[in-house]
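Colleague: I should like to discuss the empty spaces in this protein before planning any work with it. Please take me through the linings step by step.

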Amino acid sequence: MKFRRVFFQTGLILTLIGLIIGKMQYENYHLVLLENGPASNIISDENGNLLANSFNIQLRSLNFDYHPSYKVKQVSAKITCSYSEENRNLHLSVNHPARFHQYNIYIKDYWSSSGQNPAGVRLSLVKQPGQWLVYWGLILLMAASLWKAFLIVRYEYSVLSNISRRILFALIVTVALVLLLNPMMRGNLPPILRSVWFYPHVFFFVLSYALLLTSFVTSLLRMEYDLRSYFCFRLGILTYTVGLALGMIWAKAAWGDFWSWDPKETAALITWSACQIAFHYTDTCKELTDRKWILWQSVCFLCLLLSWFGVQLFKMGGLHVY
């Protein structure tokens, strides 16, 4: 138990330190290139100021892979980076950046040829020191969470009666299936969602939503502290932690930054923080009353609704709107 807490706390500290270092020295520049056009080193910062980059970039080709419905499925580009006498041909695509001279190069935007207008791309050149600290921190957070989840299932699941197990299993599967029926989980996905991180990220979030909702429903039906509810709640926050960590890794691969304070990310952080406080409070509280348990469940459930529905309902926008 102590080792798991050390892993979790160390991972959280490394993640925070890495994010702080990265934000303090974060560099993000943009460059617009046309297919088969001339090389350019004129970049712009976040304020639109034009600057001269230390190396030139030329867009040699821009390829679009389409769905049968003629929607874009993937976008890839071949570029040449030149610095002094060094010339390197690089390949990058959405969710798969290239690296040159301490910069990660991402496809930020793109457009196909139209009439006499050639196809083009808007690249992002990102430098973020301390990113390895964030990666190691997230790995430790996920390892500690999965370890704790394994221990809960191994030693506490058997305490539940056969009827309780069946009820919990049915509720979790039902909620998970309802979430998976979301149109975003099927059909033609846009390029930004076509990532190796998509399914594990969504899987752990869907599982956490199902567990946390099941925990709240079982508590609400009995209006008291219940072993089944407590079991689902702890598993729910652990899987939520894994889903959040995977989302941060994916964000780095897609947008160049682990955290951008997008409305969806902010709502998820609020939910995670509320559930973590409740998790540690209920885990260490010697006299957990029914009233306190229902109160914590209600707070976490309201935060979960904010994260799940609130961003779309109030049309907050952000990077998570597709």
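Modeller: Let us begin with the second largest pocket of this predicted model. Among the elements that each supply at least two residues of its lining are α2 (131-156) and α5 (227-255). The largest share, six residues, nevertheless comes from α1.

Colleague: Which residues lie nearest the centre of the second largest pocket?

Modeller: The second largest pocket has a volume of about 320 Å³. Its lining comprises 16 residues. Those nearest the centre are Thr15, Leu16, Leu19, Met248 and Leu269.

Colleague: How do the residues of that lining divide into nonpolar, polar and charged?

Modeller: One residue in the lining of the second largest pocket is charged and two are polar. The remaining class, nonpolar, holds 13.

Colleague: How many cavities of 30 Å³ or more does the structure hold, and how much space lies in the largest cavity?

Modeller: The structure holds one cavity of 30 Å³ or more. The space in the largest cavity is about 50 Å³.

Colleague: Which helix gives the largest share of the lining of the largest cavity?

Modeller: Residues lining this cavity include Leu212, Phe216, Gln297 and Phe301. Both α4 (198-222) and α7 (290-313) supply at least two residues each. The largest share, four residues, comes from α7.

Colleague: What is the count of charged residues in the lining of the largest cavity?

Modeller: Seven residues of this lining are nonpolar and one is polar. The number of charged residues there is therefore, under the class assignment that counts Asp, Glu, Lys and Arg as charged, none.

Terms used:
Residues numbered from 1 in each chain as written. Predicted model: local features only at pLDDT ≥ 70, side-chain atom pairs only at ≥ 80, totals over all residues. Heavy atoms only, no water. 1 Å grid on protein atoms, 1.4 Å probe; cavity = no way out; pocket = protein on both sides within 12 Å on 5 of 7 lines; lining within 4 Å. Points joined across faces, edges and corners; volume = space filled by probe spheres on them.
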